Amino acid sequence: MLNRKEEYQKMSAVECNHWWYRTLHKLVLDSLFKYTPDRDSNILDAGCGSGGLITFLNSYEYKNIKGFDLSDDAVCISKEKKLNVVSGDIKDIESIISNQHFDAIISNDSLYFLKSEEISKFMDSCSNGLRSGGVLILNIPVFEAFRGIHDISVGIQRRFSRQDFNIFINHKDFRIVRKTFWPFLLFPLIFMTRLVQRFRYAFFNPEIKSDIDLPNPLINNLLYRITLFEVNNIKHSILGSSLFIVLQKK
């Protein structure tokens, strides 16, 4: 994300209630329940932002969670929440991992500014830092059709194409145990929203801000129920603005 304090403050204010964050947190939690059920598991949140996921997992008794983020503003907000978070660059995750071994490493929407060779290095470092059978949980933005003003606001430098997915799913040390695009049921709405954003950006001078404002409570609840239904019932969707991947170390 761009070093914009107001975006991290806005994220911190809404990520416990916003339908998109709630759905992503549910995807992560379900994966931990399945592959890392021990609540004493050592977990690393790589690119933890304002600490919403760590706070969420703490509420389910996952307590041994360490996070790091490049933004001093994000780290400051997380520390105000009494979370175990340090400053660190995901390009140098190996120095964060050091000699530790984690049961799970999570990186949600933190890899979009890395080049392909840097992602390969990240994957190698995660493999070295995971115990056998541990999981690497990733969420990445996909498909240029979903690019909009939101991407500019939060610093999304690339949306991954289908060809790019091989960087993640063909790594020699991992086997893929889940891969799903989401939100599948809402992708027409997201596509139209981002299409309008691109039009406004091309011909007008709109305010550059993210899409993470909290919607009207009724709309927010409806969107969450739709995506929750999707997560619980559609395990292998083929299209969405994000790709959620779970990789298990061989």
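This section describes the aromatic rings of the structure. The model is predicted. A pair of aromatic rings is described by the distance of the centres and the angle of the planes.

The structure contains 13 aromatic pairs. One of them joins phenylalanine 184 and phenylalanine 187. Their centres are 5.9 Å apart. The planes meet at 35°, and the pair is tilted. Phenylalanine 184 has a relative accessible area of 24% and is therefore partly exposed. Phenylalanine 187 is partly exposed too, with a value of 23%.

A further pair is formed by phenylalanine 199 and phenylalanine 203. Here the ring centres lie 5.0 Å apart. The planes stand at 45°, so this pair is also tilted; planes under 30 degrees apart would count as stacked, and those over 60 as edge-to-face. Both residues belong to helix 9, which spans residues 187-203. They are four residues apart in the chain, or about one turn of the helix. Phenylalanine 199 is partly exposed, with a relative accessible area of 48%. Phenylalanine 203 reaches 60% relative accessibility, so this residue counts as exposed. The cut-off for exposed is over 50%.

Rings also group beyond single pairs. Phe33, Phe56, Tyr60 and Tyr62 are linked by ring pairs into a cluster.

One ring also has a charged partner. Arginine 22 lies over the face of tyrosine 224. The distance from the ring centre is 3.7 Å.

Note on methods:
Residues numbered from 1 in each chain as written. Predicted model: local features only at pLDDT ≥ 70, side-chain atom pairs only at ≥ 80, totals over all residues. Heavy atoms only, no water. Phe/Tyr/Trp six-rings, centres within 6.5 Å; stacked < 30°, edge-to-face > 60°. Buried < 20%, exposed > 50% of the residue type's maximum accessible area, 1.4 Å probe, protein only. Helix = DSSP H or I, 4+ residues; strand = E, 2+ residues; numbered from the N terminus. Lys NZ or Arg CZ within 6 Å of the ring centre and 35° of its normal.
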